[in-house]
Structures are given as structure tokens and as C-alpha cells.
Amino acid sequence: MEALIKDKLPDLDPCILDYVTGMLADETSVQEFTTSEDLYETIGPFLLNGCPDVKEGKVLKLCDALFNLLHIPTSKTDEHTVLNAPITISDMHITNADMLSANIWKASKGDNMTTVDRKALEKAEAKSREKAEKKAIKEANKEAAPKAIINNSGTVQQAVNKRDANLTAKSDIHINNFDLMYGEKKLLTDASLTINYGHRYGLVGRNGLGKSTLMNAIAKRELAVPAAVSMLHVAQEVEGTDTLAIASVLECHTVLCELRARERQAQEVLSKDENNEEAAKELNDVFAKLAEIEADQAESQAATILSGLGFTKRMQGMATKEFSGGWRMRLALARALFTKPDLLLLDEPTNMLDIKAIIWLEQYLQSWPTTLMVISHDFSFLDAVINMVFHLHSEKIDTYKGDFQTFLKSKEEKLKNQQSEYDAQMAERAHIQAFIDRFRVNANRAALVQSKIKMLERMPVLRAVVAEKDVVFKFPVVEGGMAPPILRLEEVTFHYSADCPMFKKIDLSADMDSRICLVGENGAGKSTLLKLLVQQVQPVDGYCFHHRHLRIGYFSQHFVDQLTMDDSPVSFMASKFPGNDAEACRRMLGRFGISGEIAMRPISTLSGGQKSRVAFAVLCAKEPNFIVLDEPTNHLDMETIEALGNAIKSYKGGVVMVSHDERLISQVCTMLWWCRDHKVTVLEGGITEYRRLMEQELRG
């Protein structure tokens with residue numbers, strides 16, 4: 001027994017090994033096991049806890065092998081007397097007891113009758129009842145009936161394991177056998193997750209598959225997460241109050257705030273009575289605990305985080321109500337990073353950040369001390385941060401080890417192998433079926449045909465690889481013929497207030513073949529420059545020139561917010577373009593992947609990426625010959641971002657955009673405009689050079 005356990009579980013704790021082998025050596029205990037499942041219920045938890053990396057299936061197989069080695073006797077069924085010939089009851093004439101004893105209804109003395117010991121029987125029945133009761137209690141404690149939780153973001157159904165209540169903050173989180181729905185749409189079926197402490201997970205998959213819904217369910221503990229595990233979900237901006245930004249970050253450290261409150265109380269008591277020993281003892285205790293959590297470094301740590309996310313010293317001293325929604329989201333992120341929960345959940349953390357802040361966040365999260373789960377469609381950010389991947393597809397979750405590029409290679413190899421196995425099995429099935437069809441009516445081959453039929457039935461059911469639909473963006477066809485310059489700014493100066501200049505005497509131009517990206521820190525004026533180009537704001541001084549045939553399509557950061565949430569995409573398009581019928585609206589939406597039932601659902605039920613596609617369809621329905629994009633990748637998944645890049649490359653008009661997605665910039669842009677110090681300069685060397693400069697600034 002001991003040798004078998006050591007062979008299968010070489011890393012098992014020696015103390016647990018001694019305990020389990022001692023239990024198996026006890027004949028009284030062994031008699032309690034009637035099946036290998038009984039054995040697993042008794043020793044399985046010890047084996048799982050004593051060897052953390054072992055899978056449950058491996059322990060189940062080990063219990064089967066141990067049960068077979070135990071040679072536990074099973075009860076035999078009573079043997080029956082076999083009659084030599086049929087008996088007609090009516091022909092029998094029983095006249096006395098001797099004849100009665102010889103008939104079929106009563107065994108004769110030579111029939112080896114078994115005498116029942118009534119006391120032993122009662123004892124065995126009592127023991128059996130006791131065992132059944134214990135098993136029922138154990139099953140009730142182990143697994144309750146699946147619970148269904150319904151909320152505004154989705155429906156969760158999961159079988160809850162009560163053993164999770166005993167787990168600690170640093171335990172791995174096992175979320176097994178759960179279903180996830182959004183309305184009537186099933187997102188996940190019988191899915192399972194294992195979140196290992198200390199790892200950094202990327203939650204990836206196409207838009208609409210349930211990534212954010214799953215993260216919300218984990219954050220709200222609708223899925224069984226141990227109570228000891230502290231979590232923070234960065235999904236909502238900080239409320240605007242009079243609290244200063246730096247204080248807003250510090251106050252989320254509840255232990256620090258509690259200790260400082262105790263410190264103030266103790267000092268108040270001592271100010272009135274210097275000889276109060278109890279207050280002096282309390283103050284010493286507080287000082288010791290403050291030193292333990294390095295409270296003297298708290299403000300500098302909070303300031304470092306805020307600075308990394310783009311808050312200047314002046315901004316750190318501003319009240320939270322003075323910030324816009326985007327900056328309050330950064331505050332929420334800063335609070336989460338400062339608190340360091342056991343499980344940090346980030347949903348699209350880079351959406352509100354400039355490239356410099358993203359680089360800082362990448363570097364900060366690479367040494368994150370606890371567990372991290374992040375949803376992001378930024379290829380470079382994911383590749384720099386994560387070391388594990390949860391891939392959502394086909395109503396299930398697959399887990400991969402390694403960074404994002406490793407995941408892409410592993411997924412491709414896995415799908416290739418899956419398709420090869422499926423094709424091989426289909427060929428084998430066809431070969432066996434052909435044999436069955438050929439010899440089905442041949443009596444000489446009947447046994448062989450039956451064996452082939454059983455062979456088919458025993459084959460595992462393999463599924464063909466279902467290829468995900470390619471995402472296609474189609475910008476309108478543009479007629480040429482416009483001579484440059486198409487768009488030009490000459491000696492332009494702009495400010496919102498005279499004491500806060502934005503640009504001073506800038507000269508810029510763009511043509512029909514331009515592929516320009518604006519970069520710079522948040523607040524440097526990138527979005528304002530786009531508004532100057534599209535003439536949404538007018539320069540204080542200087543001149544903005546547009547070609548008379550220029551038709552600009554402008555995608556703003558808040559374009560999605562202008563959609564009517566109660567309308568369907570088709571009805572919204574019809575309201576924007578009254579001359580088009582439903583079929584024409586469907587065609588316009590279909591150019592951006594909004595088709596089928598999605599086109600008829602309320603816009604409020606669509607994912608962020610699907611809403612962005614509707615906004616793109618509205619923009620392109622006007623058939624612009626020059627496109628200006630302000631952060632177009634927010635909420636788009638990677639496949640859609642790639643489709644957007646391909647659409648821009650094949651578009652015959654000019655493009656100017658603001659984006660923090662390095663992969664898209666390197667894919668399509670041939671020129672970078674760097675907004676800095678009230679000027680706009682052309683940056684030679686592209687996005688690679690800009691990233692190098694930002695990393696140099698962060699190091700300095």
C-alpha cells in the first residue's frame with residue numbers, strides 16, 4: 001500500500017502518508033469501505049491537502065487501485081435449488097409432513113440449509129443503517145444542491161463545496177461545475193476554474209462571450225470564492241467628494257486608518273492625563289503595529305502609484321470631485337494597487353491610460369505579490385503582464401500556461417491536434433461502419449459484426465474544431481482626385497482659458513494617403529487637436545483649412561454614449577438615416593459584424609465592442625473620405641482591432657487617430673505627432689522610439 005501511494009504521489013507529506021497507511025492497515029476501518037468511492041471520501045481529502053498540485057482525478061484512480069489491493073470480501077447471493085424436471089402443482093398430493101418436506105416449497109435436510117443468527121443479523125442491520133446515515137450527512141456537507149443566483153449582469157448556477165469555507169487567504173481558489181447565463185443566452189456550461197495563488201491571469205476571448213460577466217460574478221462572490229480571500233474589482237470610478245486624491249488612496253487602507261484612529265484617541269487621553277498607563281500601553285502597541293505595516297512609507301507609496309498613473313503633485317492635492325470620470329477611474333485603480341488585495345480583478349485597465357502610464361502599469365504588475373486577473377484587449381500589455389491565460393470559447397474555459405504569445409502558439413497547436421484526432425477517428429469510424437454494412441447479413445460474421453458495433457459505441461465522442469468567424473470591417477470606397485493639401489493648420493494657437501495655453505503656433509497638414517497617430521501624455525491636448533482638425537472648436541489664432549470636397553468621419557471617445565440604449569441597432573440606424581429601409585440598415589451594420597439576432601437586440605444588451613461596431617457603422621454610413629478616430633480600440637477585442645487595422649490599411653482616404661494600442665499603431669501608422677509642451681512635433685522612429693523615450697523618462 002505504502003509503495004503504491006509513494007509511487008503515485010511522490011510529493012505527499014510524510015505525516016499524511018503514515019496516517020493513511022495506518023488507516024488502511026486497520027481491518028476494522030477497512031470493513032467500512034464497500035466501494036472505492038467510500039475509500040475516496042475517507043482518505044481523498046488528506047491526499048489532496050497533503051499534495052497541493054495533484055489533480056482530483058489522479059487521487060480517484062489511486063483509491064480504485066488501493067481498494068482492489070485491500071481484497072474486501074463482498075456478500076454472495078444465495079444459491080437456489082435447480083429442478084431436474086418441470087413440476088405440475090395439481091398432480092402433487094401432499095398427505096403428510098414428510099411429503100411436504102420433500103417437495104419444492106421446503107428444502108430437505110440434505111439441502112445444506114443455513115441457520116440465521118438473529119442477533120448477528122440485527123447488529124449488521126444497525127451497522128448498515130448507521131453507515132448510511134453517516135454517508136448521507138457527508139454528502140450533504142460535501143455538496144449542496146446547485147444554487148442559481150440572478151442579478152442584473154447575469155445568472156450563475158453552481159454546485160457549492162462547503163470545504164471551501166475552511167480555506168485561507170493564500171489558498172488556491174477552485175470554482176467547479178458552474179453555468180453562466182446573460183438573460184436567455186448561455187455563456188458557460190459546466191465550466192470550472194482553478195485560480196492558483198500568486199499567478200497573474202489574463203481572461204481572454206471575443207466580445208460577448210462573458211468575460212466581464214464572469215468577472216462580476218467572481219467579484220460579487222456569486223461563485224464560491226472562500227470568505228477569507230479579499231478581493232477588489234476595479235470597475236467603477238471613485239465618487240467625487242471633497243477628499244483629496246492622495247487621501248482617497250490612503251483611506252482605502254483600512255488597517256492603517258484604524259491604527260491612526262486608535263493613535264489619536266490614545267494621544268487625546270495622554271494629553272489630559274500624562275500618567276495614564278493604559279493609554280501609554282495602547283499607544284506603544286499602535287506604534288509597533290504601524291511599524292509592522294511600514295506606515296511611515298504609506299504616503300510615499302500612494303504618491304508613487306498616483307504619479308505612475310499620471311497624477312502630478314498638484315493633481316494629487318486636488319479634491320476628487322474636480323476630476324473627470326476618466327481620472328476618477330485612475331483613482332480607483334490607484335486605490336486597488338495600494339490596497340494589494342488577495343485577488344485583484346481588473347477589467348480593461350488600460351482604456352483610460354496613455355502609453356506612458358500603460359508602460360508604468362506593466363512594470364508595476366510584473367512584480368504583483370498576490371493574485372491578479374485582468375481583462376484586456378491590448379496585446380502588448382497582456383504579453384508583458386500575465387503568466388497564465390483563461391480562454392473563453394464555445395461555452396467553456398481552457399487554461400494555458402505562459403505569456404500571451406505562448407498562449408497563441410499553444411492554442412494553435414492544440415486546435416491542430418484536436419482536428420487531427422477528429423479526422424483520424426472519423427476515418428476509423430467510416431472504416432468500421434463499412435465493415436458492419438458489408439457483413440451485417442452474413443451469419444458467419446455475426447459475432448464479429450457485433451464486436452465492431454460495440455467498438456463504435458465505446459469510442460469517445462470527439463468534436464471537430466469550430467472555426468471562429470473572421471471579423472470584417474469595411475470602410476466605404478473613396479473616390480480620388482483631391483489634390484493636397486486636404487487638411488491644414490497654419491500658425492494655430494488655442495486655449496480654453498488664457499492662463500492655461502494648449503497649443504502655440506502649430507503648423508500641421510494631412511493628405512489622402514496620411515496614416516497619422518497622435519501620442520503624448522493625457523492632458524497634452526491630443527483630443528483637442530482632433531477637434532481643431534474637424535472644426536468642432538475654433539483656433540484662438542491662426543487658420544484651419546479644409547478642402548471643399550472633404551467629408552470627415554469623426555469617431556469620438558464618447559461616440560458610444562450617444563447611442564440610444566433602448567433601440568435595436570437596426571432601428572437606431574433607421575432613425576439616423578430616415579431614407580433607408582430595414583434591409584439597407586442591416587447591410588450597413590453587417591459591414592461591421594452586426595448581423596442576425598444581434599442587430600435586433602436592444603443596444604443596452606450589447607457588449608462594449610458590439611456598441612463600438614454600431615458606432616462605426618453610423619460613422620461610415622455617411623461615406624467619409626477622411627476619418628478621424630479618438631481612441632477607437634476601447635472595448636474592442638483583439639480580433640476586431642486587427643480587423644480595424646486591416647480596414648484602415650485598405651482604406652483609400654486619409655486617417656488621423658489617437659490610440660494607446662501599440663500593435664495597431666505599428667500596424668497602420670506611418671507618422672507620429674507628439675503633443676508636448678504646447679507644441680506638436682513629428683517623431684522619427686515611430687512607436688518604438690516613443691516607447692523607448694517613455695521608458696527612459698520612467699527610469700529617470
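How many helices and strands does the chain have? In this predicted model, the chain has 25 helices and 19 strands. Of its 700 residues, 42% are buried. The accessible surface amounts to about 39000 Å², and carbon and sulfur atoms account for 50% of that area. When contacts between residues at least 6 apart in sequence are considered, 66% of them join residues at least 24 apart.

One open sheet consists of three strands in the order β12-β11-β14, with antiparallel pairing. Its edge strands, β12 (500–510) and β14 (541–546), each pair on one side only. On average, and with direction ignored, neighbouring strands of this sheet are turned by 30° against each other. Strand β11, which spans residues 487–497, is joined to β12 by seven bridges in the antiparallel sense. Within this pairing, Arg 488 is placed opposite Ser 509 of β12. Helix α19 (residues 526–533) packs on the sheet and touches β11, β12 and β14. The direction of α19 makes an angle of about 125° with that of β11.

The largest nonpolar core comprises 84 residues. The residues with the most contacts inside this core are Phe 475, Leu 518, Leu 529, Phe 616 and Tyr 690. Among the contributing elements, helix α22 (residues 608–620) gives the most, with seven residues. For Tyr 690, neighbours within four places in sequence being left aside, the contacts are Ile 355, Val 519, Gly 520, Glu 521, Leu 672, Trp 674 and Leu 683. Another core lies apart from the largest one and has 51 residues, including Leu 259, Ala 295, Leu 365 and Leu 382.

A helix pair was also examined. The axes of helix α12 (residues 298–308) and helix α15 (residues 355–365) come within 9 Å and cross at roughly 135°. Angles over 145 degrees count as roughly antiparallel and those from 65 to 115 as roughly perpendicular; the crossing of roughly 135° falls in neither class, and α12 and α15 are therefore oblique to each other. On the α12 side the contact is made by Thr 304, Ile 305 and Gly 308. Helix α15 contributes Ala 357, Trp 360 and Tyr 364 to this contact.

Technical notes: Residues numbered from 1 in each chain as written. Predicted model: local features only at pLDDT ≥ 70, side-chain atom pairs only at ≥ 80, totals over all residues. Heavy atoms only, no water. Helix = DSSP H or I, 4+ residues; strand = E, 2+ residues; numbered from the N terminus. Buried < 20%, exposed > 50% of the residue type's maximum accessible area, 1.4 Å probe, protein only. Contact = heavy atoms within 4.5 Å. Areas by Shrake-Rupley, 256 points an atom, 1.4 Å probe, with all protein chains shown as cover. Pairing = 2+ DSSP bridges. Axes fitted to C-alpha atoms, helices over the stretch in contact; angles between N-to-C directions. Core = buried A, V, L, I, M, F, W, Y, C linked by side-chain atoms within 4.5 Å. Parallel < 35°, antiparallel > 145°, perpendicular 65-115°, else oblique.
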